[in-house]
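Hi,

Here is the structure I said I would pass on. Have a look at it first, and my notes follow underneath.

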Amino acid sequence: MSISPLHDWNLAPSEAIALQKRLASRVERADRLEPVRHLAGVDIGFEQGGEITRAAVVVLAWPPGASGEFEPATLEIVEQVVHREPTRMPYVPGLLSFREVPAAVAAFDELTVWPELVMVDGQGIAHPRRIGVASHLGLWLDLPTIGVAKSRLCGRHGEPGPARGDWTPLVDGPEDEVIGAVLRSRVKVKPIFVSPGHRVSLPTSLAWVIRCLGPTKLPEPTRLADRLASRRGRVG
DNA sequence: GCGACAG
DNA sequence: ATCTTGTCGC
């Protein structure tokens with residue numbers, strides 16, 4: 001499957017910021033998704049001191065199947081791809097997408113099964129210019145995306161309740177605009193930050209992340225991609 | 001000028 | 001993100 005490029009990725013910081021401001025208006029915050037049959041998780045890892053970028057995509061079947069009587073539902077892995085390429089940009093807070101999206105898009109290019117929804121390791125609109133890596137990737141792939149981050153980039157929030165599934169809004173700006181949710185995905189564990197990426201609302205984003213929660217703090221799509229990208233899990 | 005700062 | 005030993009808990 002080929003994806004048409006929308007711009008050149010080797011930009012100076014000021015140019016990247018200007019581009020984000022233009023692209024932000026194209027990010028859709030209302031639900032516009034097809035029935036989900038395949039869900040994907042994406043994450044990027046690095047090798048050789050950061051010289052090599054590893055993009056991992058894991059495609060899971062939906063709905064989940066029961067692994068057996070009294071066993072929890074399991075998300076079956078339909079396909080996995082690992083794409084390696086030279087790293088092109090350093091990490092700059094707020095400009096993460098310019099470093100990670102190219103490799104992620106290349107990995108999606110190798111998929112034979114196209115998902116209807118994607119969970120990305122990082123922020124969606126919970127970003128200074130409302131276009132984090134999840135939103136940016138969604139724009140490029142023209143797919144609904146949800147951002148699932150392990151820590152905060154911007155915004156204010158209170159402490160979510162102690163129960164699994166408890167959450168509190170993440171707000172930002174002078175008007176306290178709601179840009180995401182701080183979700184307690186596991187009891188007694190630091191919460192995760194969920195935000196709409198592209199073509200998905202916050203309620204829908206939260207619903208999907210919660211229904212994909214497995215035994216660990218991260219939802220299964222992101223957890224599996226994380227494992228693959230950091231070469232802990234199976235080989236690519 | 002002084003912090004804060006996804007991965 | 002990645003580099004890394006030991007340690008706490010189910």
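To start somewhere specific: in which strand is aspartate 121 found? Aspartate 121 sits in strand E6, residues 117-121. Strands here (E, at least two residues) and helices (H or I, at least four) are DSSP runs, numbered from the N terminus.

Before the rest, some housekeeping. This is a predicted model, so local features need pLDDT of at least 70 and side-chain atom pairs count only at pLDDT 80 or more, while totals for chains, interfaces and linings use all residues. Residues are numbered from 1 along each chain as its sequence is written, chains are lettered from A and ligands numbered from 1 in the order in which they are written, and side-chain values use heavy atoms, with hydrogens and water left out.

**The annotated pair**

The unreviewed UniProt entry carries a "binding site" annotation that covers Asp43 and Asp121. UniProt positions are given in the numbering used here, feature names are shortened, and such annotations may be inferred rather than shown by experiment. The two annotated residues span 79 residues in sequence, yet no two of their C-alpha atoms are more than 5.5 Å apart, so they gather at one spot. Both Asp43 and Asp121 are in the lining of the largest cavity. (A cavity is a set of points, on a 1 Å grid over the protein atoms alone, where a 1.4 Å probe fits but cannot get out; lining residues have an atom within 4 Å of a point.)

Aspartate 43 belongs to strand E1, residues 38-47. It counts as buried because its relative accessible area is 9%, and aspartate 121 is buried too, at 11%. Buried means under 20% relative accessible area, exposed over 50%, and partly exposed in between, with a 1.4 Å probe and protein chains only. From aspartate 121 to leucine 96 the C-alpha distance is 11 Å, with their positions 25 residues apart in sequence.

**DNA strand B**

A residue is near a strand if one of its heavy atoms lies within 4 Å of it. There are 18 residues around DNA strand B, and Tyr91, Gly94, Lys150, Ser151 and Arg152 come nearest. By class, this surface has seven nonpolar, five polar and six charged residues. (Ala, Val, Leu, Ile, Met, Phe, Trp, Tyr, Cys and Pro count as nonpolar, Asp, Glu, Lys and Arg as charged, and the others, Gly among them, as polar.) Helix H2, residues 96-109, gives the most to the surface near DNA strand B, with three residues.

Which parts of the DNA face the protein here? Of the strand B atoms within 4 Å of the protein, 52% belong to sugar or phosphate and the rest to bases. A side-chain N or O atom of tyrosine 91 is 2.6 Å from a phosphate oxygen of DNA strand B, and a polar side-chain atom of serine 151 is 3.0 Å from a phosphate oxygen of that strand. Leucine 95 uses a polar backbone atom instead, 3.4 Å from a base nitrogen of DNA strand B.

**DNA strand C**

The residues around DNA strand C are Gly45, Phe46 and Lys150. A backbone N or O atom of phenylalanine 46 lies 3.2 Å from a phosphate oxygen of DNA strand C, and for a polar side-chain atom of lysine 150 the distance to a phosphate oxygen of this strand is 3.1 Å.

**Inside the protein**

Serine 97 lies in helix H2 and counts as buried because its relative accessibility is 2%. Its side chain makes a polar contact of 2.8 Å with the side chain of histidine 136. (A polar contact is a pair of N or O atoms within 3.5 Å; within protein, one must be able to donate a hydrogen and the other to accept it, and residues adjacent in sequence count only if both atoms are side-chain atoms.)

A search of the whole structure finds zero disulfides, a disulfide being a pair of cysteine sulfur atoms within 2.5 Å. Cysteine 154 is buried at 10% relative accessibility, and cysteine 212 is buried at 1%.

**Backbone spots to check**

The peptide bond from tryptophan 62 to proline 63 is cis, with omega near 5°. Proline 63 is in the loop between strand E2 (52-61) and strand E3 (65-66).

Arginine 130 has a positive phi, near 60°, and is not a glycine. Arginine 130 is in the loop between E6 and helix H3 (133-141), and is buried at 12% relative accessible area.

Aspartate 176 also has a positive phi, about 55°. Aspartate 176 lies in the loop between strand E8 (167-172) and strand E9 (177-183), and is partly exposed, with a relative accessible area of 44%.

Cheers

Note on methods:
On a 1 Å grid over the protein atoms alone, a cavity is a set of points where a 1.4 Å probe fits but cannot get out, and a pocket is an open set with protein on both sides within 12 Å along at least five of seven lines; lining residues have an atom within 4 Å of a point.
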